[in-house]
Amino acid sequence: MFNMRIFRARKLLCRSFSNTLHSEPLRVCVVGSGPAGCYTAEKMLKAREQAQVDIIDRLPTPFGLVRSGVAPDHPETKIVVNQFSRVAQHERCSFFGNVTLGSSVSLSELRRLYHVVVLAYGAESDRNLGIPGENLKGVLSAREFVWWYNGHPDGQNLDPDLKSTDTAVILGQGNVALDVARILLRPTSELATTDIASHALATLEESSIRVVYLVGRRGPAQAACTAKELREVLGIKNLDISIQESDLILTPADEEELKSNRIHRRIFELLSKAATSRPRHAGLNQRRLHFVFFRKPDSFQESKDNTGHVSGVRFEKTVLESVGPGKQIAVGTGEFEDIKCGIVLKSIGYKSVPVDGLPFDHKKGIVPNDEGRVLSDTSDTAALEEGLYVCGWLKRGPTGIVATNLYCAEETVSSILEDLENGVLISSTAALKPGRNGLLKLMHDRNVRIVSFNDWEKIDSEERRLGSSRNKPREKLATWNELLTATAEGTEYST
Amino acid sequence: MLNLNSRLARVAISIAKHLSTRDYTSMCRAGYTPTAHLQPLFQQNSLTNLYKGSMFKKHNFLSTTTSNNTAEGGSEQNETISVTFVDKDGEEKLIKVPIGMSMLEAAHQNDIELEGACEGSLACSTCHVIVMDVEYYNKLEDPTDEENDMLDLAFGLCETSRLGCQVIATPELDGVRLALPAATRNFAVDGYVPKPH
């Protein structure tokens, strides 16, 4: 009895002094160190003076798609890693690489260790078309192709065959599709001074691809890319652009859409201008980029020698149908057309992967949530999953730019702070949690080799050192083995 | 019982320390401000007011303003302009920006929360600011294609939006008011139109 009284009194004391004393820190775990994870960590650190934030990532390298998604010839987009590095190096923040949610540590374990768990691990899978021939050799996902040229350790073995064909078809017209087209068509001398993975550069240098088709289901008024990327691809040296002027005819519904949408309006203007400018070169080995509209992929065709290789794509022509204000969808017309090619890159969207114990909306490919608060299911009567939050593509779907996550993180962190204030979320003073020390002990017991931020800096130095002798900003270490070995070494300076 | 007491004691001591430190510091600050520092500030303000006044009274005064100011002497004071930042909660902060500096850099130097993911390389839209008065907006040179490409993607874009890294302080911008966009304003979960990437 006596002990209980002391316990309760202590608890009361804790609560009443929590605002003036060094209270028990709020222990936060962010899963994923890309823009969503890093912006979330930054805002949590700023919002709570006592918060301790741990960022875990399954890779030994941080920064998510900024490192493995942004194209090698877009170095300015990667400058944001400076800001993210400062976050990871903050005294109340720790980066733990090579820690995988689902295998190194389970979601329920994390929720036991931390007051707040924010899942920001993005979308590492692909949407499927579900059409015949999708498994033929040479039908690749753009996501994997991007991993490949960006030296992601899981993209090493893609080994795309760029030597047995002169034509590539890219399905999709978003910025990822444009990135892929650009990497395939850009003079390799220009790529040689970027941080492109050297195995990819070598393959591209021997590539026989000269013609690329960028195919969209809808029209130029609906193209999903943005101006900077389109302008860039249209400006590639010695590249002929082919756009059918008949595709540029706008319907009243198109005009309505463009009126209120600055992005689409400027894209349409760029495409119109490109259609009317004459080809600059005609000759052997001439590189050409075709923008093809109103074509929906129907099936992939197999080469006649039956080697299981793709030889072309059958498309169904489409027309647009209004399904609501400002929204038109592509509808098949029953008329078909083939484009012959030796390689297809599907750039139709990424998809998130669920983990054990995580509610998931398989239709939308995201975690059901309310402004970042994870919900138990997709029904109207879903309950809040206490202490569990989501940010980035896992929350919103695979759209947006780096900066989109800035606002996404703000919303999620607002929700966390609100929940703490309202007592919806158990506070650090009401329940002590092991946090960082608990995770470290668990990882140690499981023999998981954590890669710290300092360790990443060793990888970083080594990559930059290797790059400097090849006139590249860095030479990416593209295998798990090389990455982990680099963390083990000291920063020896060898010539 | 003993535990409770010693804890209380520790708390009391730390609170006392905290309070005494604060008093000491604030006393130091209050007592230390040298009057000498006030004078240049006063002069600078009066010069700025002079400039502003002339701007409203005589339009043709503008063309000779720059040379006039330098003629007034004390080129030190003329090298900054006044810029007011208004954050998304409506709070205002008036800062001095040296001529030639970008608004992004000025914001960072004055701890104003303006993001700058690409650090001024025209590769993002996070330093987006809204020029609150059309008159000032019109004084700026038109944005380049590259800036417009980035503005396309800015959240809360409006007619007088610019990228903070592209707005450079010039004498004619003295007194400009820049609003930081309300970030989460158009961030609905339902009916959210995804931006392309």
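Here are a few questions and answers about rings, charges and cavities in this predicted model.

Q: Why is the pair A:Phe145 and A:Tyr149 called edge-to-face?
A: The ring centres sit 5.7 Å apart, and a pair needs centres within 6.5 Å. The planes make an angle of 85°, and over 60 degrees counts as edge-to-face, so that's the label the pair gets.

Q: How do you know that A:Phe145 counts as buried?
A: Its relative accessibility is 0%, and buried means under 20%. A:Tyr149 is also at 0%, so A:Tyr149 counts as buried too.

Q: Where do A:Phe145 and A:Tyr149 lie in chain A?
A: Both belong to helix H6 (residues 142-149), four residues apart, which is about one turn of the helix.

Q: What makes A:Arg143 a charge over the ring of A:Trp147?
A: The distance to the ring centre is 4.9 Å, and the cut-off is within 6 Å, along with a limit of 35 degrees from the ring normal. A:Arg143 is listed as lying over the face of A:Trp147. In chain B, B:Lys139 lies over the face of B:Tyr136, with 5.6 Å to the ring centre.

Q: What makes the lining of the second largest cavity four nonpolar, one polar and four charged?
A: The lining includes A:Arg373, A:Glu385, A:Glu386 and A:Asp419, and Arg, Glu and Asp count as charged. A:Gly387 is there too, and Gly counts as polar. A:Leu384, A:Tyr389, A:Val424 and A:Leu425 are also in the lining, and Leu, Tyr and Val count as nonpolar. Strand S18 (residues 384-390) of chain A gives the most to this lining, with five residues.

Definitions and conventions
Residues numbered from 1 in each chain as written. Chains lettered and ligands numbered in written order. Predicted model: local features only at pLDDT ≥ 70, side-chain atom pairs only at ≥ 80, totals over all residues. Heavy atoms only, no water. Phe/Tyr/Trp six-rings, centres within 6.5 Å; stacked < 30°, edge-to-face > 60°. Helix = DSSP H or I, 4+ residues; strand = E, 2+ residues; numbered from the N terminus. Buried < 20%, exposed > 50% of the residue type's maximum accessible area, 1.4 Å probe, protein only. 1 Å grid on protein atoms, 1.4 Å probe; cavity = no way out; pocket = protein on both sides within 12 Å on 5 of 7 lines; lining within 4 Å.
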